[in-house]
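Got a minute to go through a model with me? I'd like to ask about its core, its salt bridges and its pocket.

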Amino acid sequence: RQQKKKMSGQEGIDRLLQAEQEATEIVSKARKEKQARIKQARDEAEQEIAKFRQTLEQEFNTAQFQDLGGGDKSAKLAQQTEMQLQEIRRLAQANAQNVSKQILQWIWTVDTTPTK
């Protein structure tokens, strides 16, 4: 009888250790998935910002090329350019905050339910 109790106790401990190992694996997997989603969000945001910046730079260069040599036009173009640059900076800052919020939301909503 004494030996039977020891076996049952050992089986319980083994089950607990196995459950702990499975939980550790699930948490590790969730962390890896979270890291991947964060990296993907950052990459997408950087690509979007770079694309937007490139578009505005092309528009600026085209306008600058067309208006070369016009005194008033140059001043007006410089003013427009500065306004566009301010808008780009504002949009980049706004997007950075949205990306940060999205990343934080993903971090706090990691699904830790075991998969089958």
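What follows is a short exchange about this predicted model.

Reader: Which helix gives the largest share of the largest nonpolar core?
Author: That core is made up of Ile38, Ala41, Ala45, Val99 and Ile103. Both α1 (2-66) and α2 (71-108) supply at least two residues of this core. The largest share, three residues, comes from α1.

Reader: Is Lys39 buried, partly exposed or exposed?
Author: Lys39 joins Asp43 in a salt bridge, 3.0 Å from N to O. The two sit four residues apart in helix α1, so about one helical turn separates them. Asp43 has a relative accessible area of 31%, so Asp43 is partly exposed. For Lys39 the value is 52%, and the cut-off for exposed is over 50%, so Lys39 counts as exposed.

Reader: How far apart are the closest N and O atoms of Glu87 and Arg90?
Author: Both residues lie in helix α2, three residues apart, which is about one turn. Glu87 is partly exposed at 35% relative accessible area, and Arg90 is partly exposed at 47%. They form a salt bridge, with the closest N and O atoms separated by 2.6 Å.

Reader: Which class has five residues in the lining of the largest pocket?
Author: The pocket has a volume of about 180 Å³. Its lining includes Glu22, Glu25, Lys29, Glu33 and Asp111, and also Ile26, Ala30 and Pro114. By class there are three nonpolar and three polar residues, and the class with five is charged.

Terms used
Residues numbered from 1 in each chain as written. Predicted model: local features only at pLDDT ≥ 70, side-chain atom pairs only at ≥ 80, totals over all residues. Heavy atoms only, no water. Core = buried A, V, L, I, M, F, W, Y, C linked by side-chain atoms within 4.5 Å. Buried < 20%, exposed > 50% of the residue type's maximum accessible area, 1.4 Å probe, protein only. 1 Å grid on protein atoms, 1.4 Å probe; cavity = no way out; pocket = protein on both sides within 12 Å on 5 of 7 lines; lining within 4 Å. Points joined across faces, edges and corners; volume = space filled by probe spheres on them. Nonpolar A, V, L, I, M, F, W, Y, C, P; charged D, E, K, R; others polar. Salt bridge = Lys/Arg side-chain N within 4 Å of Asp/Glu carboxyl O.
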